[in-house]
Amino acid sequence: MTYLVVCSVALFASGLTFFSGFGLGTLLLPAFALFFPIEHAVALTAVVHFLNGLFKLALVGRHADRRAVLRFGVPAIVASLAGAWLLLQLTDLQPLVRYALFGHDVRVTPVKLAVGVLLAAFALIELLPVTRDVTFSARYLPIGGALSGFFGGLSGMQGALRSAFLLKAGLSKEAFVATGAVVACLIDFSRLGVYVPALLATGANLDYLLLGAAVVSAFVGAYFGNRYLQKITMRGVQAIVALLLLVVALGLVSGVL
């Protein structure tokens, strides 16, 4: 069941995010969080997201807009380090609430609360028309990079903000996809530099076979995403991603996921 859930989410989310530039981390994080502590889930999601981003770069990287990458990517790198550092600080804090549920000891920790609130917030941003259609002028790219990087480092959810700022940067659809992939890789690379040493220091027992399967599934999704890039409109993709986020949100609220 673990492999089915994680690999299926990685496959479909990767294919859709190839068009829209957001969604893989938002959808894959809850899948990993079903089976791993939330701080490990964030790190595992970052690995898959980073390697999938490299694969996307190999497919369309030549279309990236260098000016947009610099204006957005540099602030994103710095801010992602701050977000990743904050995540590790929250991990060390004691639980806020403890209670028994069907014989199990349930703990509400600061890191779970922070990531859970951010996941709900970004899901609502994608689902509500009043926030989903918000974009920002190209002159705000450095601010967008800092915000995207910080929340990417803290929770892995960076794509919604990245898209909101890059959509008004005057990029073609191909340049939008490629530029988003470059920036995502920069953020992932910097935050992994914080996550990985911390995981190794705690002796975390990670399932590398599951991680590899998720990476391969994401590659397959990206391949088919690239193949059908010209056949799907940006508005149509945004609707699909919003629908998937709704399904995930309902699953989490109902306790199914």
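This report covers confidence, annotated segments, one helix, the main core and one buried serine in a predicted model.

Residues are numbered from 1 along each chain as its sequence is written, and side-chain values use heavy atoms, with hydrogens and water left out. Because the model is predicted, local features need pLDDT of at least 70 and side-chain atom pairs pLDDT 80 or more, while totals for chains, interfaces and linings use all residues.

**Confidence.** pLDDT is the predictor's confidence in each residue, from 0 to 100. The chain has a mean pLDDT of 74, and 71% of its residues reach 70 or more. Among the elements, helix 4 (residues 66-91) has the highest mean, 90, and helix 11 (residues 234-254) the lowest, 54. Helices are DSSP runs (H or I, at least four residues), numbered from the N terminus. Over residues 251-257 pLDDT stays under 50. Where pLDDT is low, the predicted coordinates should not be read in detail.

**Annotated segments.** An unreviewed UniProt entry carries the annotation "transmembrane region" for residues 29-51, 72-91, 111-130, 175-196, 208-225 and 237-256. Such annotations may be inferred rather than shown by experiment; positions follow the numbering used here, and feature names are shortened. Two of these segments are set out below.

| Segment | Helix | Strand | End C-alpha atoms apart |
|---|---|---|---|
| Residues 29-51 | 83% | 0% | 15 Å |
| Residues 72-91 | 100% | 0% | 28 Å |

**Helix 7.** Helix 7 spans residues 141-155, 15 residues in total. From first C-alpha to last it reaches 21 Å, close to the expected 21 Å. That expected span is 1.5 Å times one less than the number of residues. Its buried residues (under 20% relative accessible area, 1.4 Å probe, protein chains only) include Gly144, Gly145, Ser148, Gly149, Gly152 and Gly153. Gly156 follows the helix, with a positive phi near 90°.

**Core.** A nonpolar core is a set of buried Ala, Val, Leu, Ile, Met, Phe, Trp, Tyr and Cys residues joined through side-chain atoms within 4.5 Å. The largest one has 47 residues; Phe32, Val48 and Tyr195 have the most contacts inside it. Elements giving it two or more residues include helix 3 (38-60), helix 7 and helix 9 (173-202). Contact means heavy atoms within 4.5 Å. Beyond four places in sequence, Tyr195 touches residues including Val42, Ala84, Gly152 and Leu154.

**Ser190.** Ser190 lies in helix 9. Ser190 counts as buried because its relative accessible area is 8%. Its side chain makes a 2.4 Å polar contact with that of Ser80. A polar contact is a pair of N or O atoms within 3.5 Å; within protein, one must be able to donate a hydrogen and the other to accept it, and residues adjacent in sequence count only if both atoms are side-chain atoms. Beyond four places in sequence, Ser190 is in contact with Ile77, Ser80 and Leu81.

How values were computed
Buried means under 20% relative accessible area, exposed over 50%, partly exposed in between (1.4 Å probe, protein chains only).
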